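Me: Please take one part of this model and look at it closely: the packing between helices. Set it in the context of the whole chain, and then follow the chain outward from there.

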Amino acid sequence: MSDPASSATAARFRAAVETATTTGDLSGFSGLFLPDVRLYSPVSFKPFDGEEMVLGLLGVLVRTFEDFRYIGTFTGEAATSRDQDAPASPADVLLFRATVDGKEIHGMDLLHFDETGLIKEITVMVRSQSAVQTLGQAVLRGLVEAGLVPAE
């Protein structure tokens, strides 16, 4: 079932990602997330918690991806990872393609919304395994450069 508030937020998120990947401007993400938003990444077992950390990661991602483009959308309902026993809430899946360090990435952003339409959780999935490894290395470099994680 499509929810007008979450559909509008999904469209704004998509536009913000598309703008940021071409201009580097992250201002389009303003007002899209709950303060305690959580992002599950294919390159880290531990989720990224809180709006500041999620925005930092998104900044790294938009600098890392080359030729990023969304190729499809699915709308429905799903339980979040932290609210598995709660009823399903509105969710959108945005399918994408990109290149990272010469490897083509196939992926999807699963957006979960609260009752007001704000994003409360994002799960990013990427295939293939070699693409995940390449992305993981590139994102780690970006996180270290941005000061979001310590150098190993």
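Reply: Helices here are DSSP runs of H or I with at least four residues, strands are E runs with at least two, and both are numbered from the N terminus. The model is a predicted one. On that basis the protein chain has three helices and six strands. Read from the N terminus, their order is α-β-β-α-β-β-β-β-α.

Some overall figures come before the detail. The chain has 152 residues, for which a compact globule would have a radius of gyration near 15 Å; the value for this chain is 15 Å, so the two agree. The C-alpha trace spans about 40 × 30 × 30 Å along its principal axes. Of the residues, 46% count as buried. Taking contacts between residues at least 6 apart in sequence, 55% join residues at least 24 apart.

Now the helix packing. Two packed helices are described by the angle between their axes and the distance between the axes. For helix H2 (residues 51–64) and helix H3 (residues 129–145), the axes come within 9 Å and cross at roughly 120 degrees. Angles of 65 to 115 degrees count as roughly perpendicular and those over 145 as roughly antiparallel. The H2 and H3 pair is therefore oblique. The handedness of this crossing of H2 and H3 is right-handed. On the H2 side the contact is made by Leu 57, Val 60, Leu 61 and Thr 64, and on the H3 side by Leu 135, Ala 138, Val 139, Gly 142 and Leu 143. Sorted by class, these are seven nonpolar residues, two polar ones and no charged ones. Thr and Gly fall in the polar class under the scheme used.

What follows H2 in the chain? Phe 65 is in the loop between H2 and S3. Its relative accessibility is 11%, below the 20% limit, so Phe 65 counts as buried. Apart from neighbours within four places in sequence, Phe 65 is in contact with Phe 96, Ala 98, Thr 99, Val 100 and Leu 135. Leu 135 is also one of the H3 residues in the contact with H2. The Phe 65 and Thr 99 C-alpha atoms are 5.8 Å apart, although the two residues are 34 apart in sequence.

Farther along is Asp 67, in strand S3 (residues 66–78). Asp 67 has a relative accessible area of 54%, over the 50% limit, and is therefore exposed. Its phi is near 50 degrees, positive in a residue other than glycine. Asp 101, in the loop between strand S4 (89–100) and S5, also has a phi near 50 degrees, likewise positive in a non-glycine residue. At 45% relative accessibility, Asp 101 counts as partly exposed. As background, most residues other than glycine have a negative phi, and most peptide bonds are trans.

The backbone before H3 departs from that second pattern. The peptide bond from Arg 127 to Ser 128 is cis, with omega near 0 degrees. Ser 128 belongs to the loop between S6 and H3.

One loop earlier, between strand S5 (103–113) and strand S6 (119–127), is Leu 118. With 24% relative accessibility, Leu 118 counts as partly exposed. Residues up to four places away in sequence aside, Leu 118 touches Thr 9, Gly 31, Leu 32, Phe 33, Leu 34, His 112 and Phe 113. By contrast, the C-alpha atoms of Leu 118 and Tyr 70 are separated by 20 Å, with their positions 48 residues apart along the chain.

The N-terminal segment ends this tour. Asp 3 is located in the segment before helix H1 (4–23), and with a relative accessible area of 24% Asp 3 is partly exposed. From Asp 3 to Glu 115 the C-alpha to C-alpha distance is 9.3 Å, while the two are 112 residues apart in sequence.

Conventions:
Residues numbered from 1 in each chain as written. Predicted model: local features only at pLDDT ≥ 70, side-chain atom pairs only at ≥ 80, totals over all residues. Heavy atoms only, no water. Axes fitted to C-alpha atoms, helices over the stretch in contact; angles between N-to-C directions. Parallel < 35°, antiparallel > 145°, perpendicular 65-115°, else oblique. Left-handed = near helix turned anticlockwise from the far one by under 90°. Contact = heavy atoms within 4.5 Å. Rg over C-alpha atoms; globule rule 2.2 N^0.38 Å. Buried < 20%, exposed > 50% of the residue type's maximum accessible area, 1.4 Å probe, protein only.
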